[in-house]
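Work through the following exercises with the sequence and the model side by side, and try each task before reading its solution.

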Amino acid sequence: MIETKDGFGRQIDYMRISVTDRCNLRCVYCMPQEEQQFLPQEMLLTATQWETVCRAAAQVGIRKVRITGGEPLMRQDIVELVERIANIPKIERVVMTTNGVCLAQKAKALQKAGLQGVNISLDTCDRAQYQALTNRDAFFDVKKSILHCLDIGLPVKINCVPVSGLEKQDFLQMAELARTLPLVVRFIEMMPIGAGAKYQPIPNENIQQQLIQRYGAWEQVHTKDSGSPAVYWQNKRFWGKIGWISPRSHSFCHLCNRIRITAEGHLKLCLHHPANGDLKTILTQYTDIAQIQQYLMEQIQQKPKDGHMTDESRPMWKIGG
């Protein structure tokens, strides 16, 4: 099996692809309410181009592909895109990060196409708070999507970003989802990117203390994914699990196993690192997939050791969270 390591010996086997910069929510820390300038449709990679990129990536050791946005379900061809990627030899896992607003209608088709799991962004279980955070009244649409995915057997992780200054954001209420449902709730510290830079991060330790006081002792769960930044806890009173992703308080750059590609085809070797490769142009210049493979391998060697030493000034929705 082919393995590609960067210049610091980290095995790179995970690729996140942002298939659109559009979104149907306007979260205060991501895409504010003001009118946004989205990419023209002709600048987005087509399903065929994404398939070519993923085929080349599979040949250099990528085994997991996560489809992100913006909101990926805003692409009309999203089911076809999932199917194309899932059918690529050597790609072992295809998953998606979504806000869940339109997921209930498409979940079964996506699962049939080869999608193996969803991460659903949800920061509160309170309808009014949800509307204040997202500028949309769609909480019950997301709740419906969560329950529908569980009903059809599509694994669910909830991504919750604690927001400083938000009154009464109830983390115990979010944790209750994992107590009563077979899913994972993950608390993710706020990243200083785009509008998120205005918010002070709430350390995960603060929330951990609340959970310990309410539910007693927890046991850490060890996973097979050595490159995952998440630490998982389980509790005998819980059906699901709690996860912690703590990039601000506990850097995990030394474990990083991923690269990213933006909606217009720019290669990002690190979330914080400026894009330094134009795959859309490469796809027009190179007709041989082996040339694209070679290009990816060369670029991976340039992956920075520590992303926090670089700077990314664009908002998350433009770079593919």
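**Exercise 1.** Determine in which sense β7 and strand β8 pair, and over how many bridges.

*Solution.* Strand β8 (residues 231-234) and β7 are antiparallel partners joined over 3 bridges, where strands are DSSP runs of E with at least two residues and helices are runs of H or I with at least four, numbered from the N terminus, and two strands pair if DSSP finds at least two bridges between them. Within this pair, Val221 has Tyr232 of β8 as its bridge partner. The model is a predicted one, in which local features need pLDDT of at least 70 and side-chain atom pairs count only at pLDDT 80 or more, while totals for chains, interfaces and linings use all residues. Residues are numbered from 1 along each chain as its sequence is written, and side-chain values use heavy atoms, with hydrogens and water left out.

**Exercise 2.** Place the strands in their sheet and find which are the edge strands.

*Solution.* The open sheet is formed by 11 strands with mixed pairing, and their order is β7-β8-β9-β6-β5-β4-β3-β2-β1-β10-β11. The edge strands, each of which pairs on one side only, are β7 (219-221) and β11 (267-268).

**Exercise 3.** Explain why strand β2 is largely enclosed by the rest of the structure, and trace its connections.

*Solution.* Begin with burial (buried means under 20% relative accessible area, exposed over 50%, partly exposed in between, with a 1.4 Å probe and protein chains only). Because 5 of the 5 residues of β2 (residues 64-68) are buried, the strand is largely enclosed by the rest of the structure. Lys64, Arg66 and Thr68 point one way from β2, whereas Val65 and Ile67 point the other way.

Next, consider the neighbours: strand β1 (residues 14-18) runs parallel to β2 and is joined to it by 5 bridges, with Tyr14 opposite Lys64. From β1 the chain passes through helix α1 (residues 47-59) to β2 in a right-handed β-α-β crossover, right-handed meaning that, with the strands pointing away from the viewer, the path from the first strand over the helix to the second runs clockwise.

Finally, β2 pairs in the parallel sense with strand β3 (residues 93-98) over 4 bridges, and Met96 in β3 is the bridge partner of Ile67. Together with helix α2 (residues 78-86), β2 and β3 make a right-handed β-α-β unit.

**Exercise 4.** Identify which residues of helix α3 are buried.

*Solution.* In α3 (residues 103-113), the buried residues are Leu103, Ala104, Ala107, Leu110 and Ala113. On the other side of α3, Gln105 and Lys112 are exposed.
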